[in-house]
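Here are my notes on this model, as numbered points. Please read them with the coordinates open.

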Amino acid sequence: MNILLIGPPGAGKGSQAEKLVSQKAFKHLSTGDLFRKALREKTPLGLKAGSYVDRGALVPDSITIGLVEEALGDFTGNVIFDGFPRTVPQSEALDQFLQKRDQKLDHVISLEVSDDVVLRRLTGRRWAPQSGKIYHVDFNPPKNSGKCDETGEELAIRSDDRPEVVQSRLKNFREITWPLLKHYKIRGILKEVNGEGAPEKIFQSIVSFLK
Ligand code: AP5
């Protein structure tokens with residue numbers, strides 16, 4: 001089964017993907033995580049993508065599509081796509097990529113949240129660069145303040161969580177990614193889920209839909 005989690009920044013895509021992966025046999029493919037890893041390791045890809053990510057702009061399609069193809073390689077199991085596709089060319093590339101493997105995108109889960117909630121979530125988000133685990137100072141605090149529960153590493157604030165950058169990410173979502181929702185609705189594979197409320201409740205809505 002191939003699932004896409006789609007929604008504005010801070011909708012909870014990464015948090016819900018983490019839960020799904022821990023309970024079901026899925027590979028979690030997050031383009032945001034892949035870009036952040038490349039940035040941290042200062043790879044050629046990181047150097048190319050860094051300026052886009054830091055200012056909240058979309059990384060060009062050719063770079064992003066190449067990255068996803070490389071990350072999937074020969075993998076043919078269940079995938080949760082998180083943050084990819086975000087543009088029409090990316091969506092077409094994914095369809096072609098899956099077709100070549102006699103697969104398709106089975107479900108698109110749209111997490112719906114208001115801009116106010118997005119801002120509250122992103123200003124309090126902390127993340128662990130090594131483990132990739134996501135926290136929130138109020139809604140999902142670590143056991144020891146400022147440290148990752150899993151690795152003990154120092155938690156960081158994402159450079160693109162600055163309020164002015166969040167505004168530009170929200171604008172990109174509305175203008176560039178939003179039209180994809182209509183496209184998936186017409187295909188009959190879109191499921192809209194209320195992304196506000198307790199993470200566990202949202203997770204249960206997703207799981208009961210997938211069942
Ligand atoms: P990416 O990392 O994908 O960022 P995003 O889509 O903006 O989403 P976020 O990671 O900010 O939020 P999320 O929905 O995963 O929420 P989370 O679970 O963390 O992309 C970053 C950048 O990379 C892009 O801006 C772009 O530059 C580039 N990029 C990536 N993909 C690309 C593509 N396909 N094409 C081109 N460029 C691309 O939750 C947020 C916070 O809220 C956390 O603190 C969490 O603990 C908390 N939280 C979550 N759920 C709840 C809840 N139910 N209640 C309370 N708090 C909650």
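1. A term first: buried means under 20% relative accessible area, exposed means over 50%, and partly exposed is what falls in between. The model is predicted. By that scale, Asp33 is partly exposed, at a relative accessible area of 35%.

2. Asp33 has a partner. Arg36 makes a salt bridge with Asp33, and their closest N and O atoms are 2.8 Å apart. Both residues sit in helix 2 (residues 31-40), and because they are 3 residues apart, about one helical turn separates them. Is Arg36 buried or exposed? Arg36 is buried, with a relative accessible area of 13%. So the pair joins a buried Arg36 to a partly exposed Asp33.

3. The count of salt bridges comes to 14. One of them ties Lys133 to Glu18, with 3.4 Å between the closest N and O atoms. This pair links distant parts of the chain, 115 residues apart. Lys133 lies in the loop between strand 5 (125-127) and strand 6 (134-136), while Glu18 belongs to helix 1 (residues 13-23). Neither end is buried: Lys133 counts as partly exposed because its relative accessibility is 21%. Glu18 is also partly exposed, at 30%.

4. Which residue pairs with Arg125? Asp161 does, through a salt bridge whose closest N and O atoms are 2.8 Å apart. Here too the pair links distant parts of the chain. Arg125 is in strand 5, Asp161 is in the loop between strand 6 and helix 7 (163-186), and 36 residues separate them. Arg125 is buried, with a relative accessible area of 11%. Asp161 is buried as well, at 5%. The pair is part of a network: salt bridges with shared partners join Arg125, Arg158, Asp160, Asp161 and Arg169.

5. Asp82 deserves a separate look. Asp82 lies in strand 3 (residues 79-82). Asp82 is buried, yet has no salt bridge. Why is there none? The nearest side chain of opposite charge is Lys13, 5.2 Å away, and a salt bridge needs the nitrogen and the carboxyl oxygen within 4 Å, so this pair does not count. In general, side chains of opposite charge can pair when their charged atoms come close. Lys13 does touch Asp82, as do Leu5, Gly14, Ala17, His28, Leu29, Ser30 and Thr31; residues up to four places away in sequence are left out of this list.

6. Now the enclosed space. How many cavities of 30 Å³ or more are there? The count is 1. About 40 Å³ of space lies in the largest cavity. Helix 4 (61-72) and helix 5 (88-99) are the elements that give two or more residues to its lining. The lining residues are Ile65, Val68, Glu69, Phe84, Ala93, Leu94 and Phe97. By class they divide into 6 nonpolar, no polar and 1 charged.

7. Helix 4 returns at the second largest pocket, giving the most to the lining with 5 residues. That pocket holds about 200 Å³ of space. Helix 2 and helix 4 are the elements that supply two or more lining residues. The lining consists of Leu34, Lys37, Ala38, Glu41, Thr43, Leu45, Ile63, Gly66, Leu67, Glu70 and Ala71. Its classes are 6 nonpolar, 2 polar and 3 charged residues.

Key. Residues are numbered from 1 along each chain as its sequence is written. This is a predicted model: local features need pLDDT of at least 70, side-chain atom pairs count only at pLDDT 80 or more; totals for chains, interfaces and linings use all residues. Side-chain values use heavy atoms; hydrogens and water are left out. On a 1 Å grid over the protein atoms alone, a cavity is a set of points where a 1.4 Å probe fits but cannot get out, and a pocket is an open set with protein on both sides within 12 Å along at least five of seven lines; lining residues have an atom within 4 Å of a point. Grid points are joined across faces, edges and corners, and a volume is the space filled by probe spheres set on the points. Helices (H or I, at least four residues) and strands (E, at least two) are DSSP runs, numbered from the N terminus. Ala, Val, Leu, Ile, Met, Phe, Trp, Tyr, Cys and Pro count as nonpolar, Asp, Glu, Lys and Arg as charged, and the others, Gly among them, as polar. Buried means under 20% relative accessible area, exposed over 50%, partly exposed in between (1.4 Å probe, protein chains only). Lys and Arg count as positive and Asp and Glu as negative; His and the chain ends are not counted. Contact means heavy atoms within 4.5 Å.
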